[in-house]
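Student: I should like to learn how to read the fold of each chain and the way two chains meet. Could we work through an example together?

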Amino acid sequence: MISVILGSLTIASGLMVVLSKHPIRSVIYLVITFFFISAMYILMNAQFLAIVNMIVYAGAIMVLFLFVLMLLNLNKEMEPETTRMSLFTAVIAGGTLFLVMITALRDTFQYGKGYVQVPVQDAGLVEQLGKLLFSKYLVPFEISSILFIAAMVGAVLLAKREKQIID
Amino acid sequence: MEQLNNIGASLDFYIFVSIALFSIGAIGVLTRKNMIVLLMCIELMLNAVNLLLVTFSTFFGNGEAQIFVFFIIVVAAAEATIGLSILIMAYRNSKSIDIEMFNKLNG
């Protein structure tokens, strides 16, 4: 029951991200969505990911978005208009995507019936994940640090003010 | 006797939520003209994928999917940083965050 409530709240706040006109409200609704998703992770006994999701997504990435929003000082009249035609087309396209994916996964639905209770898993605990991460997935883990350095240097280089190049 | 964990809903419900979130994100990417909101919709789609991966990880007792979620979070952080800095540069050049601004790249 609680997961049904959580799921519908997640979908509702995800809808509000897209529907709300003000970008800051979108950010707030997205943070709320991430909190609900974290709650679902806890429900599924993936505790490490729930914490990481809250710290990294809601804590770091969303604050970055908020910083940029405040920095650019956007007000209501700067908000670009969405035409009715594009909204209509996008809703049809998104609905079709939804239907196609639901239909494609219908066999999985048959499988999932009566699977409400699953054995308790310790796969999501820090110990298990750490053992996996530092043995089998050690090389991707190290490569991700190179990715972060590249992203950091790229962000600094892109956002740096260079008058000559811009003029 | 094996200890059971009640996660409250069957697999199909979680798949439904995840696909719905992904479609909502896709609709947002297609409709919104504001570049920041567009990036946020991409984050929403990434989170839908994460939710699906964690769901299957729980149902099949395999921790490797959660490692993939971890890497997706890493890539999402890098992507958000680069996307926002590109956005700041575009805003400095044209004083607008309309995604249509990039049509000027057409030549």
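Tutor: Let us begin with sequence separation within one chain. In this predicted model, 49% of the contacts in chain B with a separation of 6 or more join residues 24 or more positions apart.

Student: Which secondary-structure elements does chain B have, and in what pattern do they follow along the sequence?

Tutor: Chain B has 3 helices and 1 strand, and along the sequence the pattern reads β-α-α-α. The radius of gyration of chain B is 18 Å, well over the 13 Å that the globule rule gives for 107 residues, so chain B is more spread out than a compact globule. The spans of its C-alpha trace along the principal axes, about 70 × 25 × 20 Å, may be read beside that value.

Student: What percentage of the residues in chain B is buried?

Tutor: A residue is judged buried by counting its neighbours: 20 or more other C-beta atoms must lie within 10 Å of its own. Of the 107 residues in chain B, 55% are buried.

Student: How should chain A be described in these terms?

Tutor: Chain A contains 8 helices and 1 strand, arranged along the sequence as α-α-α-α-α-β-α-α-α. Buried residues account for 23% of its 167 residues. Among contacts in chain A with a separation of 6 or more, 54% are between residues 24 or more positions apart.

Student: How many residues of each chain take part where chain A and chain B touch?

Tutor: The size of an interface is often given as the accessible area lost when the parts come together. Here it is described by residues in contact: 68 of chain B with 78 of chain A. On the side of chain B, the elements giving two or more residues are strand 1 (4-6), helix 1 (11-31), helix 2 and helix 3 (64-94). Helix 3 of chain B provides the largest share, 23 residues. By class, that side of chain B comprises 40 nonpolar, 20 polar and 8 charged residues.

Student: How does one read a pair of helices across such an interface?

Tutor: One considers the angle, the handedness and the residues. The axes of helix 1 (residues 2-19) of chain A and helix 2 (residues 35-60) of chain B come within 10 Å and cross at roughly 160°. Because angles over 145 degrees count as roughly antiparallel, these two helices are roughly antiparallel. Helix 1 of chain A passes helix 2 of chain B in a left-handed crossing.

Student: Which residues make the contact between these helices?

Tutor: Helix 1 of chain A contributes A:Gly14, A:Val17 and A:Val18, and helix 2 of chain B contributes B:Met40, B:Cys41 and B:Leu44. These residues divide into 5 nonpolar, 1 polar and no charged.

Conventions
Residues numbered from 1 in each chain as written. Chains lettered and ligands numbered in written order. Predicted model: local features only at pLDDT ≥ 70, side-chain atom pairs only at ≥ 80, totals over all residues. Axes fitted to C-alpha atoms, helices over the stretch in contact; angles between N-to-C directions. Helix = DSSP H or I, 4+ residues; strand = E, 2+ residues; numbered from the N terminus. Parallel < 35°, antiparallel > 145°, perpendicular 65-115°, else oblique. Left-handed = near helix turned anticlockwise from the far one by under 90°. Contact = placed C-beta atoms within 7 Å. Nonpolar A, V, L, I, M, F, W, Y, C, P; charged D, E, K, R; others polar. Buried ≥ 20, exposed ≤ 12 C-beta atoms within 10 Å, placed from the backbone. Rg over C-alpha atoms; globule rule 2.2 N^0.38 Å.
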